[in-house]
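Student: Before we discuss any labels, may I see the sequence and the structure? I should then like to ask how each term is justified.

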Amino acid sequence: MRVDAKDMGADLEKVLITKEEIDAKLAELAAKIDAEYTGKDLLIVGVLKGAVMVMADLARALSTPVTMDWMAVSSYGAGTQSSGVVRILKDLDTDIKGRHVLIVEDIIDSGLTLSWLLSNLGSREPASLKVCTLLRKPEAAKVAIDVEWVGFDIPNEFVVGYGLDYAEKYRNLPFVGTLAPHVYGG
Ligand SMILES: O=P(O)(O)OC[C@H]1O[C@H](OP(=O)(O)OP(=O)(O)O)[C@H](O)[C@@H]1O
Ligand SMILES: Nc1nc2[nH]cnc2c(=O)[nH]1
């Protein structure tokens with residue numbers, strides 16, 4: 001069944017990126033990632049829970065055989081502002097020493113989560129450590145991070161859908177959109 005902003009009643013303000021745009025962008029990113037890792041053993045690490053959709057769709061768009069692992073960290077809780085304090089809720093199952101590791105994220109907002117992750121995973125001595133994110137908010141950056149593959153740079157608005165939640169809701173929307181201010185008390 002197709003879900004659109006109308007079906008979510010008054011909760012959504014607008015659709016920012018459609019499912020079709022996401023699919024096309026992931027195909028584009030997958031081709032670049034394939035070119036980078038030809039002949040290499042690649043481990044993709046998804047950051048739960050938000051990156052579930054990107055991991056699933058990006059992994060299927062790749063021709064490179066990959067193994068997958070997951071990390072769960074949280075810095076947002078139920079709010080719309082990063083606390084800046086990153087907690088590990090689930091660590092990797094895999095020893096990444098000497099492995100080519102690609103972190104897959106749904107969004108880079110302040111950059112605090114990714115900055116922490118890069119330093120944490122970097123200290124485990126992977127052969128390489130790179131990042132692919134579907135979304136990035138350049139205006140919200142609190143730390144500068146070098147990111148190899150970015151799907152879309154978006155305005156500094158709180159977004160939901162395609163893995164992204166507000167208080168655990170809206171993750172299963174197939175598109176990325178913004179919430180009406182009344183939903184989060186705006
Ligand atoms: O750049 P930052 O400001 O640090 O924000 C980015 C992080 O925020 C979201 O995770 P969240 O903590 O909301 O957890 P979730 O993925 O389980 O929803 C998202 O998945 C990123 O990991
Ligand atoms: N749902 C959601 N989670 C985030 N985590 C960091 N930025 C965002 C955002 O804009 N939306």
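Tutor: Along the sequence, the elements of this predicted model follow the pattern β-α-β-α-β-β-β-α-β-β-β-β. The protein thus has three helices and nine strands.

Student: What confidence scores does the model carry, and what is the mean pLDDT of the protein?

Tutor: The scores are ipTM 0.98 and pTM 0.92. The mean pLDDT is 91, and 89% of the residues reach 70 or more. Where pLDDT is low, predicted coordinates should not be read in detail.

Student: Why is tyrosine 170 called buried?

Tutor: A residue counts as buried if 20 or more other C-beta atoms lie within 10 Å of its own. Tyrosine 170 has 21 other C-beta atoms within 10 Å, and is therefore buried. This residue lies in the loop between E8 and E9, and its phi is positive, about 75°, although it is not a glycine.

Student: Is glutamate 125 buried or exposed, and how do you know?

Tutor: The cut-off for an exposed residue is 12 or fewer such neighbours. Glutamate 125 has 12 C-beta neighbours inside 10 Å, so it counts as exposed. Its place is the loop between H3 and E6, and it too is a residue other than glycine with a positive phi, here near 60°.

Student: What share of the protein counts as buried, and which residues touch the most other members of the largest nonpolar core?

Tutor: Of the 186 residues, 28% count as buried. The largest nonpolar core has 38 residues, and those touching the most other members are Val54, Leu58, Leu102, Ile103, Val104, Cys132 and Tyr162. Two or more residues each come from helix H1 (19–36), E2, H2, strand E5 (100–108), helix H3 (112–122), strand E6 (128–136), E8 and E9. E5 gives the largest share, six residues.

Student: How do you know that strands E2 and E3 are paired?

Tutor: Pairing requires at least two bridges between the strands. Seven bridges join E2 (residues 42–48) to E3 (residues 66–74), so the requirement is met, and the two strands run parallel. Valine 47, for instance, stands opposite methionine 71 in E3. Between E2 and E3 the chain passes through helix H2 (residues 52–61), and this β-α-β crossover is right-handed.

Student: What joins leucine 48 to lysine 49?

Tutor: The two are joined by a cis peptide bond, with omega about -5°. Lysine 49 belongs to the loop between E2 and H2.

Student: In which sense do E3 and E4 pair, and over how many bridges?

Tutor: E3 and strand E4 (residues 87–90) pair in the antiparallel sense over three bridges. Alanine 72 stands opposite lysine 90 in E4.

Student: What makes E1 and E8 edge strands?

Tutor: They belong to an open sheet of three strands in the order E1-E9-E8, with antiparallel pairing. E1 (12–17) and E8 (159–160) each have a single partner strand, so one side of each is left without a neighbour in the sheet. E1 pairs with strand E9 (residues 176–179) over four bridges, where threonine 178 of E9 is the bridge partner of lysine 14.

Student: Which residues come nearest to ligand 2, and what classes make up its shell?

Tutor: Nine residues surround ligand 2, and Ile107, Asp109, Phe158, Val159 and Leu164 come nearest. By class, the shell has seven nonpolar, two charged and no polar residues.

Definitions and conventions. Residues numbered from 1 in each chain as written. Chains lettered and ligands numbered in written order. Predicted model: local features only at pLDDT ≥ 70, side-chain atom pairs only at ≥ 80, totals over all residues. Near = placed C-beta within 6 Å. Nonpolar A, V, L, I, M, F, W, Y, C, P; charged D, E, K, R; others polar. Right-handed = clockwise from strand over helix to strand, strands pointing away. pLDDT = per-residue confidence, 0-100. Core = buried A, V, L, I, M, F, W, Y, C linked by C-beta atoms within 7 Å.
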